[in-house]
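Student: Could we go through this structure together, one question at a time, and reason from what can be seen in it?

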Amino acid sequence: MLRSLSKVGQICITQLKASNGKSSLMTAMAQHVKARCETYPRDNIKRFHVPDDKVSWETDFPGYSPTEYTSKSLIGTLEKPRPEYSDPDPKHSPVEFEKLKFNDLDGDLNRCSHVTDVYEIKDGYPVNPMGRTGLKGRGCLGRWGPNHAADPIVTRWERDKDGKIKKDENGKGILQFVCIKRKDNGEWAIPGGMVNAGEIVTVTLRREFGEEALNTLEMSSEEKEATLVSIEECFKHGKEVYKGYVDDPRNTDNAWMETVAYNFHDEAGDSLGKLKLHAGDDAVGVQWMSIHKGLKLYASHHDFIKEVVEMHGASW
Ligand code: BGC
């Protein structure tokens, strides 16, 4: 797979490092429509408008003057230091900011991108490899540059009361996936989350699924341990669906979301398919959602679900 960056940091679609070279997914990310949404998802901040033909850094856009915004909660004060997941801010902690190791492993934290081997650093700041977003700064994202997430897509077949797989009019089985309702914006989503510093992705996938879809955070330590063990075996047999950029409304010119999405499928419906779901942590609802192309989901999750449908030859 090609990995090089062009001279000004903009990546051509054919150069994206996203998993399996899936061109439909890459094309969807390349326009990053949600990352250019008019109102940033915090504090009613308006982005500078970026027309479709001006997304690429390679296209001149002389009047480009992105709004600057980094959430105050990320910067911290003397009384309330910044949260652990938040990078130093160059205006408040210039010495610490200077020490960040972009495009590299920075202690326990991976600042490498899944999208490109080297993202550009301009005036000290990482540059979004997918192009302009109309907002500079970090918005509400913790890290400058890539912010890594992991998304577990847990699926089973929808069945009738006799246990037979339900089919659509073309004879294709209908898939269901575990879907959560996000607390922050009420949108339905895959129960994913951020990869903690030093954490391996397989652990993030299981932990996030446990916290958001099974509410392990509110279990006793014995119950939690038993629950995590019960899903451990199934979570060993996941298939990678996607690895790369996410078209997320929180993205900015200097900070963006990337994810690794895995499918964990319960063909017989007798293991993961039997789990008792209970929303927790960042989720306020959880359900087995029947999959069809009209689903409205958070960020790029619709595209990931479509990939899973294709992997299983299911109804869409
Ligand atoms: C979510 C993931 C999502 C990622 C990028 C994270 O906050 O938990 O499900 O893929 O953001 O949008």
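Tutor: Here are questions and answers on a predicted model, with the ligand taken up before the strands and loops.

Student: Which residues come nearest to the ligand?
Tutor: The ligand has 13 residues around it. By class, this shell holds six nonpolar, three polar and four charged residues. Within the shell, those that come nearest are Asp-151, Gly-192, Asp-248, Arg-250 and His-301.

Student: How many Å separate a polar side-chain atom of His-301 from an oxygen atom of the ligand?
Tutor: We can take this together with two other side chains that have a polar atom facing an oxygen of the ligand. For Asp-151, an N or O atom of the side chain is 2.5 Å from a ligand oxygen, and for Arg-250 a polar side-chain atom lies 2.8 Å from one. For His-301, the distance from a polar side-chain atom to an oxygen atom of the ligand is 2.9 Å.

Student: What share of the area that the ligand exposes when taken alone does the protein bury?
Tutor: The starting point is the ligand by itself, which exposes 310 Å². Of that area, the share buried by the protein is 96%.

Student: Which residues of helix H6 are buried?
Tutor: Helix H6 covers residues 301-312, and its 12 residues reach 17 Å from the first C-alpha to the last, close to the 16 Å expected. Just after H6, Gly-313 takes a positive phi of about 60°. Within the helix itself, the buried residues are His-301, Phe-304, Ile-305, Glu-307, Val-308 and Val-309.

Student: In which sense, parallel or antiparallel, do S11 and S12 pair?
Tutor: Strand S12 is mostly covered, with 10 of its 12 residues buried. Strand S7, residues 145-157, runs parallel to S12 and is joined to it by 12 bridges, and one of the pairs is Gly-145 with Ala-255. On the other hand, strand S11, residues 239-245, is linked to S12 over six bridges, where Tyr-245 has Glu-258 as its partner. The sense in which S11 and S12 pair is antiparallel.

Student: Is Asp-43 buried or exposed?
Tutor: Asp-43 sits in the loop between helix H1 and strand S1, and its phi is near 55°, a positive value in a residue other than glycine. Such a value deserves a remark, because most residues other than glycine have a negative phi. The relative accessible area of Asp-43 is 58%, and over 50% is the cut-off, so Asp-43 is exposed.

Student: What does Asp-281 count as, given its relative accessibility?
Tutor: Asp-281 also has a positive phi, of about 55°, although it is not a glycine. Its place is the loop between strand S12 and strand S13. With a relative accessibility of 29%, which falls between the 20% and 50% limits, Asp-281 counts as partly exposed.

Student: Which residue has its backbone oxygen 3.2 Å from a polar side-chain atom of Thr-116?
Tutor: Thr-116 lies in the loop between strand S3 and strand S4. Its relative accessibility is 1%, which is under 20%, so Thr-116 counts as buried. The backbone oxygen 3.2 Å from a polar atom of the Thr-116 side chain belongs to Val-118.

Student: How many Å apart in space are Gln-176 and Asp-60?
Tutor: Gln-176 is found in strand S8, residues 175-182, and is buried, with a relative accessible area of 9%. In sequence, Gln-176 and Asp-60 are 116 residues apart. In space, from C-alpha to C-alpha, they are apart by 45 Å.

Conventions: Residues are numbered from 1 along each chain as its sequence is written. This is a predicted model: local features need pLDDT of at least 70, side-chain atom pairs count only at pLDDT 80 or more; totals for chains, interfaces and linings use all residues. Side-chain values use heavy atoms; hydrogens and water are left out. Helices (H or I, at least four residues) and strands (E, at least two) are DSSP runs, numbered from the N terminus. The expected span of a helix is 1.5 Å times one less than its number of residues. Buried means under 20% relative accessible area, exposed over 50%, partly exposed in between (1.4 Å probe, protein chains only). A residue is near a molecule or strand if one of its heavy atoms lies within 4 Å of it. A polar contact is a pair of N or O atoms within 3.5 Å; within protein, one must be able to donate a hydrogen and the other to accept it, and residues adjacent in sequence count only if both atoms are side-chain atoms. Accessible areas come from the Shrake-Rupley method with a 1.4 Å probe; for residues, only the protein chains shown count as cover. Ala, Val, Leu, Ile, Met, Phe, Trp, Tyr, Cys and Pro count as nonpolar, Asp, Glu, Lys and Arg as charged, and the others, Gly among them, as polar. Two strands pair if DSSP finds at least two bridges between them.
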